[in-house]
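Work through the exercises below with the structure open beside you, and try each task before reading its solution.

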Amino acid sequence: MIRRVTAPALFPPPTYSHASVVEAGTKLAFLAGSVPLDAEGRIVGEGDPVRQAEQVIANLEEQLRAIGSGLAHVLYTDVYVVSGETSVLSAVWEVVEASGLSTGPHSSTLIGVACLGYSGQLVEITATAAVPEEAR
């Protein structure tokens, strides 16, 4: 169903693949950005991008569970971090890597941005995932 590809002519990526290929007929889900809000709509981890990344991953898992999928079926993510410092981006990426998303590994882009939608928000992740046959 999913084939992860690392192009042999390119420098090998550390914990992601260059491409994810999905066979025709597979159900795909395009998830809205997962944000660091708790169930009451409050920002979790004010001022702490690592804690926010943990909450974002937990919320992403809930989004995936609701469609019958999971982290292992994520094909692609965009990881947005409010920072221009590579050390901050790297710290957030370590959370992504530890989450199980790199097990695939999925394809991803890590992006430093000026701001995100909620006041105090430092991290957001959008995702595309396959929905396993048994969940349909």
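The exercises that follow concern a predicted model, and each is solved step by step.

**Exercise 1.** Work out whether the end-to-end distance of α1 agrees with its number of residues.

Solution. Begin with the count, which is 18 residues for α1. The expected span is 1.5 Å times one less than the number of residues, so α1 should span 26 Å. Then compare this with the model, where the end C-alpha atoms of α1 are 25 Å apart, which agrees.

**Exercise 2.** Find which residues of α1 are buried, and what covers them.

Solution. First pick out the buried residues of α1, which are P49, Q52, A53, Q55, V56, I57, N59, L60 and L64. Next look at their surroundings, where the cover includes β3, β4, α2 and β6. Finally turn to the largest nonpolar core, which has 23 residues, and in which L60 and L64 are among those that touch the most other members. L31, another of these, touches both L60 and L64, as well as residues including I67 and A129.

**Exercise 3.** Explain how R65 and E62 can meet in a salt bridge.

Solution. Locate the pair first: R65 and E62 both lie in helix α1, 3 residues apart, about one turn of the helix. An α-helix has 3.6 residues a turn, so residues three or four places apart point the same way. Side chains of opposite charge can pair when their charged atoms come close. In the model, the N to O distance between R65 and E62 is 2.3 Å, and E62 counts as partly exposed, at 45% relative accessibility.

Technical notes:
Residues are numbered from 1 along each chain as its sequence is written. This is a predicted model: local features need pLDDT of at least 70, side-chain atom pairs count only at pLDDT 80 or more; totals for chains, interfaces and linings use all residues. Side-chain values use heavy atoms; hydrogens and water are left out. A nonpolar core is a set of buried Ala, Val, Leu, Ile, Met, Phe, Trp, Tyr and Cys residues joined through side-chain atoms within 4.5 Å. Buried means under 20% relative accessible area, exposed over 50%, partly exposed in between (1.4 Å probe, protein chains only). Contact means heavy atoms within 4.5 Å. Helices (H or I, at least four residues) and strands (E, at least two) are DSSP runs, numbered from the N terminus. A salt bridge is a side-chain nitrogen of Lys or Arg within 4 Å of a carboxyl oxygen of Asp or Glu.
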